[in-house]
Amino acid sequence: MSSIAASSTRLSVPPSFGTAGYVSLAILLAGTLALGMGYGPAHGALFLVGGGLGIALYHASFGFTAAWRAFILEGRGRGLRAQMVLLALAVVLFFPALAAGTLFGNPVAGLVQPLSLSVVIGAFMFGLGMQLGGGCASGTLFTAGGGNARMLVTLFFFVVGSVLATVNFDWWVSLPSFAPVTLVSLGAPVGILVSLALFAAIAALTVVVEKRRNGALEEAPAAPRHGLARYLRGPWPILAGAVALAVLNFATLALAGRPWGITSAFALWGAKGAEIIGFDPSAWAYWQSAGNAKALQASVFADVTSVMDFGIIAGAMLAAVLAGKFAPNFRIPLRSLLAAVVGGLLLGYGSRIAYGCNIGAYFSGIASGSLHGWLWAVAAFAGNIVGIKFRPAFFGRA
């Protein structure tokens, strides 16, 4: 009896749940219902999937920026190896469906883009922005939702940078490029084997580097909670986060017909804002393509990517409350604020001209078998190396 009582106490909502907790929970539930009624059940479900992504990102602290910085600065590869697990799970799930062209009877397609100079330049800019802005696309959303006020600044200028890139997007796409290539064209089994070999090679390299620089592999930090309480309040094991993100991306593929993306919504939000202050984004080439023109004319709630982004923010807020860590602090040092502005602009502009971010180009691109995802990763990693060199000017130390 006492054991049952103790378990009940451990799983009860924390004393700090309060208004923020109930608001975030209400947004997730009411939003799912309203979007489902207004735009169809799949649309509502995608908002809930976004909420799940926000919870997983926050509780697992699954960031790309910190993982790359830890490897570059200290040779610590635990985060990078988790990313390889994430990608491995994704290709095993995605490739058969993409090769078939259908999933559960519905048509599906991957995020496959050209191998272009704009991808190289944009991904490098994005990598630089990751280290100055303090996060990637997913990292910006879940930390902002979790109450990090500085990341709200990064998010705002991420949106500004995204819409600025649409002004002359046609020039960027006119730069030299090669046609899109996907490993899925080799057939799902061969494509999966090639991808897994690449992931294993990268993971092995991180092990060699980490042992050489540090003598031993870094151990996962001790968990303050165990059992179901850990998965309710966090922190999650990083590999649990990898599994959750891969499965939820696969759910996105099933519901939306294409993988998870983030940053196209930021360009849309910026264009909507530009209209409010008197600009006409529809005159820019980016917004004259059929899909983008339709999105610009419709409500942001009709846009799948926007809906999922809103869900991520709400889910991360709920996770932060459950963890007892939702406590926004608006006292931001000036140099850190400046880094958020510059980093956000680089993140936004770079993600548009590179056909995506760490999610749409790196995670979902590689999960789609697209070689542009690998090109993006190399260029963004180089940008991170440069960005880390600039960090002391803004944060005192890298």
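Count up the aromatic pairs in this predicted model and you get 24. Take Trp-68 and Trp-376 to begin with: their ring centres sit 6.5 Å apart and their planes meet at 55°, so this pair is tilted. The two tryptophans come from distant parts of the chain, with Trp-68 in helix α4 and Trp-376 in helix α18 (residues 371-395), 308 residues apart. Both Trp-68 and Trp-376 are buried.

Now for another pair, Phe-301 and Phe-310. Here the centres are 5.7 Å apart and the planes are at 50°, so this pair counts as tilted. What about accessibility? Phe-301 has a relative accessible area of 42%, while Phe-310 comes in at 26%. Because partly exposed covers the range between 20% and 50%, that label goes to Phe-301 and to Phe-310.

Next, have a look at helix α17, which runs over residues 358-367. Ten of its ten residues are buried, and among them are Asn-358, Tyr-362, Phe-363 and Ile-366. Just after the helix comes Gly-369, which has a positive phi, near 80°.

Ile-359 is a good residue to zoom in on within α17. Its relative accessible area is 0%, so it is buried. Who does Ile-359 touch, once neighbours within four places in sequence are left aside? The contacts are Phe-64, Ser-138, Trp-260, Gly-261, Ile-262, Ser-364 and Gly-365. If you want a C-alpha distance to check, Ile-359 and Val-91 are 14 Å apart in space, with their positions 268 residues apart in sequence.

Thr-140 makes another useful stop, and you'll find this threonine in helix α7 (residues 137-145). Thr-140 is buried too, with 0% relative accessible area. Skipping residues up to four places away in sequence, Thr-140 touches Gly-135, Met-151, Thr-154, Leu-155, Phe-158 and Leu-347.

On to the empty space. Rolling a probe the size of a water molecule over the atoms shows where such space is left. The largest pocket holds about 790 Å³. Its lining takes in 27 residues, and the closest to the pocket centre are Ser-264, Tyr-286, Asn-292, Thr-305 and Arg-352. Three elements give two or more residues to this lining: α13 (264-276), α14 (290-297) and α15 (304-322). Which element gives the most to the lining of the largest pocket? That would be α14, with four residues. By residue type, the lining splits into 13 nonpolar, ten polar and four charged.

The second largest pocket offers about 500 Å³ of space. It is lined by 25 residues, with Ala-60, Ser-61, Arg-78, Pro-221 and Ile-238 the closest to its centre. Helices α3 (41-60), α4 (65-74) and α5 (78-100) each bring at least two residues to this lining, and α4 gives the most, with five. You met α4 earlier as the helix that carries Trp-68. The lining of this second pocket divides into 14 nonpolar, five polar and six charged residues.

Finally, how confident is the predictor? The mean pLDDT of the protein chain is 93, and 95% of its residues reach 70 or more. Residues 1-12 are another story: pLDDT stays under 50 over that stretch, for which the model has eight contacts beyond four places in sequence.

Technical notes:
Residues numbered from 1 in each chain as written. Predicted model: local features only at pLDDT ≥ 70, side-chain atom pairs only at ≥ 80, totals over all residues. Heavy atoms only, no water. 1 Å grid on protein atoms, 1.4 Å probe; cavity = no way out; pocket = protein on both sides within 12 Å on 5 of 7 lines; lining within 4 Å. Points joined across faces, edges and corners; volume = space filled by probe spheres on them. Nonpolar A, V, L, I, M, F, W, Y, C, P; charged D, E, K, R; others polar. pLDDT = per-residue confidence, 0-100. Contact = heavy atoms within 4.5 Å. Buried < 20%, exposed > 50% of the residue type's maximum accessible area, 1.4 Å probe, protein only. Phe/Tyr/Trp six-rings, centres within 6.5 Å; stacked < 30°, edge-to-face > 60°.
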